[in-house]
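Colleague: I would like to go through the labels on this model and hear what backs each one. Please show it.

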Amino acid sequence: MESISRISNLLESARELTLDAAQAARSSRSTTRSLPTAQLKKLLDSRNDREVLDGLRRVISIMYRQQKTLPFFSSVVKNVASPNIEIKKLVYIYLIHHAEQEPDMALLSINTIQKSLSDPNAQVRALALRTMSGIRVPVISQIVSLAIKKGAADMSPHVRKAAALAIPKCYRLEPNTLPQLLEYLATLLGDKQYFVAGAAVSAFMEICPDRVDLIHKHYRSLIKKIVDMDEWSQLAMLRMMAIYARKCFPRRTRGVKPKDKSVDLHDFYGEGVSEIASEGEQVVVLDPDLVLLLNGIRPLLQSRNSGVVVAVARCYADIGTPEYTKAAVGPLVALLRGAQDIQLVALYNIVSVCLAHAESFVKYASHFLVRATDTAPVWELKLEVLTLIFPHSPLQTKSLILNELEHFSRGTNKSLVREAVRAIGRCAQADPATAPRCMRLLLGQITSLDGTLAAESLTVIRHLIQQDPQAHVGTVVRLAKNLDSATDPQARATIIWLVGEFAGLNGEDNIAADVLRILLKEFADESEIAKRQIVLLAAKVYLHHINRETEAQKQPGEEDQGSPPPPPNSEDHPIARLWNYVLLLVRYDTSYDLRDRTRLYKALLSVPQLASLMLLAPKPAPQAPSPSETRKGFMLGSSALVLAGGGGVHGLRGYEPLPKWVEDGREPDPSLRNQGGAGNEYGEEKRVVPAAQMLGDASHTQSGRSNGLGAAAAAGTGAKTLDDWLAEDEEEGGDDEDEGEDEEESEEEEEGESEEDSDEEEEGESEYESDDSKAELEGFLNG
């Protein structure tokens, strides 16, 4: 009979599984086909759980297709009391979605959900708490608060996690419940389960990120749990700990002498502060609790989540020392192996770190070489990193970078060509030793048929020439010779401007006047930007001519120094004729801007002293900063770092920088972090005893404790007389009961080790043997 019943049970189970599989297959094929409203309501009102489940799936599918499902509200909500957990889940999803539109109907289901808070199944309790907090009806805010209180004291950690996640929802529903929620939050922050504490930290960052007083006694235990938390909780923890460190640990520094040897970060215990500093250098002294945090989050650099890696790098950059920041460089570079969107965000953060610690990225230079599959934003950031690490690189790496930039400067992508040429210029400015090679690369490209390449090369050449004008006189002459081959308007304007800057050298032997004569032959065919520079060149050449004539007139007559000499009227000089010809050409030009500029120059030249101050003033050498300098100061991992490149110092709306470091003497008492202990996560905290001390204690106890025979032998047979033996025998007779107690006390003091127990048994046996020998000896003497 038992076999028949067993077979029938198996057949029934197989039948149920077959029906479920068929229903699932049918629903997967037919769920997309909408049924009439009456048929759906019939399914929802059925007493068969399988039909109700099918109807709920169809309703949820319609709901997520943005179609109206409100007419099914009453039919769906009445299934909230179903014992089937799958039905409960779908009803709760529907209820959360439509509770705001039908608050009265939603309130009718609150009692049933409250009953589910006492269900024996922890999953049902957690689901009910999550649903009750998700119903956005302000009337039930107090009920939700009481549900959170009950959930915070639940035995199941999953229910406590649901209570922690419900705290922000209740706060958004009714901000006046904040005092009650803070009490529940303070309890959940100290929970022994890491996923409950992680959810509590996320709630803390949403409702009260400034209440660091709630964190003091849980600080050390939270640091221990951060490695086990999920990625979202780790992100919230790292953000919270950065704020906590700024508000609770002052930034202290101390001077270090050259002979002062400090422990390196890569020491075995990892508690070093900095490397050997030079004389008079100030190094940061870290608080022990801050060192605990920085070392505790270091394993997160190996996280599979790129956001966690960037968050750890942000902590090291904002609250750590440069040694900790360098430890995060390798994991940041490893993010470049990910997808393109992750590469882009990682590169923004890498560039931000590279602006402060470029030397740490030198050994990873090959990771930033441009690939054919890289998008424009990616290769722009890669070129920027290469230029930042260029001055810190060895000669081999510098040659590699310059060859890479030269290759891309001759490509077909105009944007890439422009950025590569600008990168060459930044490399030359950052490392003057390589400036001649960079200049040769750029001079070889000014004759290119590509106007974009020629124009950008000449712009960079102009910047380099302005860095050291006296060393590049021959370069300007070479550029003037190539003026006929330059066809790009911007390139021609750059060469003309450079010729004008050097128009005052060598007096009459300067080439500026002859260059001006050649340019005026085809003045009408020039572009407007080139015409402006031609007019400026003519004004400078004529001004230098006037200054030379004035100096020549002042040398014979030094006695007439009181009044400035009038400007010479040498209208027959070729330079004066060229100037007059320029005025005539511009008078009939169609550009009113060019005509206005020429009239301005003509008025200035009537007062040579004023014209010299304005036209011949020394020009400051232009600097080409890194394009990401505008992003400097934004926190790593923030949206403002990626999106607010030129958006001002405040970045995007909603961006909040870290608070400033607390002043020394205003920080909270460090003893507050001792409350609650740091080791109650997985049980009682045990005192850590070094192995050497344990071995030393064991050797001492063994040497001081031996069996009775050994003690007697050590004491010597002639050390005691017969009277002493008899006296000890009488005392031991009255102390037999106390021996057991003494032995038990000694066992407790020696922590119950098995070896010590065996030693004590041997001691007892040896004592009894010695008593028997004493009795025999006494009988023999008396006999």
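Colleague: What makes V607, L610, L613 and M614 a nonpolar patch on the surface?

Modeller: A patch takes residues with over 30% relative accessible area and no salt bridge (a side-chain nitrogen of Lys or Arg within 4 Å of a carboxyl oxygen of Asp or Glu); nonpolar side chains (Val, Leu, Ile, Met, Phe, Trp, Tyr) are joined within 5 Å, like charges within 9 Å. V607, L610, L613 and M614 form such a patch, with about 400 Å² of accessible area together (Shrake-Rupley method, 1.4 Å probe, only the protein chains shown counting as cover for residues). The model is predicted: local features need pLDDT of at least 70, side-chain atom pairs pLDDT 80 or more, while totals for chains, interfaces and linings use all residues. Residues are numbered from 1 along each chain as its sequence is written, and side-chain values use heavy atoms, without hydrogens and water.

Colleague: Why does M614 count as exposed?

Modeller: Exposed means over 50% relative accessible area, buried under 20%, partly exposed in between (1.4 Å probe, protein chains only). M614 has 52% relative accessibility, so M614 counts as exposed. M614 lies in helix α31, residues 608-615; a helix is a DSSP run of H or I, at least four residues, numbered from the N terminus.

Colleague: How much of the protein counts as buried?

Modeller: The figure is 43% of the 783 residues.

Colleague: Which helix gives the most to the lining of the largest pocket?

Modeller: That is α16, with five residues. Residues R239, R314, M635, S638 and E656 are the closest to the pocket's centre, of 33 that line it.

Note on methods
Helix = DSSP H or I, 4+ residues; strand = E, 2+ residues; numbered from the N terminus. 1 Å grid on protein atoms, 1.4 Å probe; cavity = no way out; pocket = protein on both sides within 12 Å on 5 of 7 lines; lining within 4 Å.
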